[in-house]
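Subject: Structure handover, with notes on what was found

Dear colleague,

Please find the structure below, followed by my notes on it. I have tried to spell out each criterion where it is needed.

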Amino acid sequence: MQNQTDAAPDIDIIRHVTSGDVNAFETLIKRYQSHVFSIVRRHVPRDMADEVAHDVFVRAYQGLSGFAEKSAFKSWLSGIAVRTCYDFWRNKYKIQEIPVSRLSDAHREWLENSLSNDAADVFDDNGRHSEALEILEYALGQLSAEDRMIVNLIYFEGLSHKEAGALLGWSIPNVKIRSWRAKKKLYKIFTEGKEREA
Amino acid sequence: MKNFNKPSRQRMDQLTEKLAEAYRSKGADDRPPPEKWRQNVMRSIRQMGTFEEKNNRERFGYLTWRLAPVAAVLLILMSLWIKQVDDTLEFQIASLIVSDPAQADVYDPF
């Protein structure tokens, strides 16, 4: 039975699961775990990825009877993964568990050099990748859960407003307004140190 | 002296691109999760039961809520009926005492 379902199309496996064969769901997990983890690892801290990915599959199972066969299971699952990450951050903000990181002098210098119009091109330096990652975490930590998700999806993943709205279950005008506001906040975060100096 | 007043649009775009690169690198780790993780997920799912069991529970919940107004109406009607019976009984006892006070000894231990 397991071998049969391994090669079966998603929709057949989903029908098996909804008709009572719970074990068939494991085939879907094996098939899409890498995809779900690649989404989850980008949005939540590394040490929380296992837990959040677990929640994604549990939610997918719970909502399987409502899966509309007209869309692909992979994109349906992606939406659940993104919304689970969003809920993770909302919950963190609710219980105020966001670590308040600070930029070190080295980070600030990197940022200032990056934004300085007179500076040499620092972006060729691949050795500064870890600093970019830390600055990214700092900047995202200053944003609300909604803004964080929008910045990730629109500016870092390059999704359209429509695609981001579909993943988060938000309307397109809402996504447009939020992305514009989030970009302004991000700009302020990157330039606030320099404004203070000026 | 560096011009810190207003970063050019080009610099902001380059910074965003650099941060986007860092962001994408977080998801680049394609190591599969350990077998134990998958077993834990399946355990959670098995605990939730099959869809048939789930549907039965949902149907039961649905019926409970559908019948709740009927149960409430029945409860009100029964309360009114009990109150009416109670009043009638009290009236009958009172009239018995008034009409024949010597015989109407409600408490007679012997």
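To begin with confidence in chain B, where pLDDT is the predictor's confidence in each residue, from 0 to 100, the lowest value among its elements belongs to helix 1 (residues 9-26) of chain B, with a mean of 81, and the highest to helix 2 (residues 35-48) of chain B, with 92. Helices (H or I, at least four residues) and strands (E, at least two) are DSSP runs, numbered from the N terminus. This is a predicted model, in which local features need pLDDT of at least 70 and side-chain atom pairs count only at pLDDT 80 or more, while totals for chains, interfaces and linings use all residues. Residues are numbered from 1 along each chain as its sequence is written, and chains are lettered from A and ligands numbered from 1 in the order in which they are written.

The mean pLDDT over chain B as a whole is 79, with 85% of its residues at 70 or more. For chain A the average is 83, and 82% of the residues score at least 70; among the elements of chain A, the lowest mean, 63, is that of helix 1 (residues 2-7) of chain A, and the highest, 94, that of helix 4 of chain A. The scores for the model are ipTM 0.76 and pTM 0.71.

Both chains are helical in their assigned elements: chain A has ten helices and zero strands, and chain B has three helices and zero strands. Burial is counted from C-beta atoms placed from the backbone: a residue is buried if 20 or more other C-beta atoms lie within 10 Å of its own, exposed if 12 or fewer, and partly exposed in between. On that criterion, 32% of the 198 residues of chain A are buried, and 9% of the 110 residues in chain B.

Contacts are defined by C-beta atoms, again placed from the backbone, that lie within 7 Å. Of the contacts in chain A with a separation of 6 or more, 62% are between residues 24 or more positions apart. The largest nonpolar core (buried Ala, Val, Leu, Ile, Met, Phe, Trp, Tyr and Cys residues joined through C-beta atoms within 7 Å) has 51 residues, and A:Val40, A:Val56 and A:Ala81 have the most contacts inside it. Leaving aside residues up to four places away in sequence, A:Ala81 touches A:Val36, A:Ile39, A:Val40 and A:Val56.

A:Ala81 is also one of the buried residues of helix 5 of chain A, which include A:Leu77, A:Tyr86 and A:Trp89. The buried residues of this helix pack against helix 3, helix 4, helix 8 and helix 9 (161-168) of chain A. The expected span of a helix is 1.5 Å times one less than its number of residues; for the 22 residues of helix 5 (residues 73-94) of chain A that gives 32 Å, and the end C-alpha atoms are 31 Å apart, which agrees.

Helix 8 of chain A, with twelve residues, reaches 15 Å from its first C-alpha to its last, close to the expected 16 Å. This helix is mostly covered, nine of its twelve residues being buried, among them A:Asp147 and A:Arg148. Helix 8 of chain A is followed by A:Gly158, with a positive phi near 75 degrees.

In helix 2 (residues 10-18) of chain A, the buried residues are A:Ile13, A:Ile14, A:His16 and A:Val17. They lie on the same side of helix 2 of chain A because they cover an arc of only 160 degrees around the axis, the arc being that of the directions from the helix axis to the C-beta atoms. A:Gly20, which follows helix 2 of chain A, has a positive phi near 120 degrees.

Turning to the interface, the contact takes 42 residues from chain A and 34 residues from chain B. Helix 3 of chain A gives the most to the side of chain A that touches chain B, with ten residues. By class, that side of chain A has 21 nonpolar, 13 polar and eight charged residues, where Ala, Val, Leu, Ile, Met, Phe, Trp, Tyr, Cys and Pro count as nonpolar, Asp, Glu, Lys and Arg as charged, and the others, Gly among them, as polar.

Finally, two residues of helix 3 of chain B: B:Arg66 is exposed, because 9 other C-beta atoms lie within 10 Å, whereas B:Asn55 counts as partly exposed, with 13 C-beta neighbours inside 10 Å.

With best regards

How values were computed: Contact = placed C-beta atoms within 7 Å.
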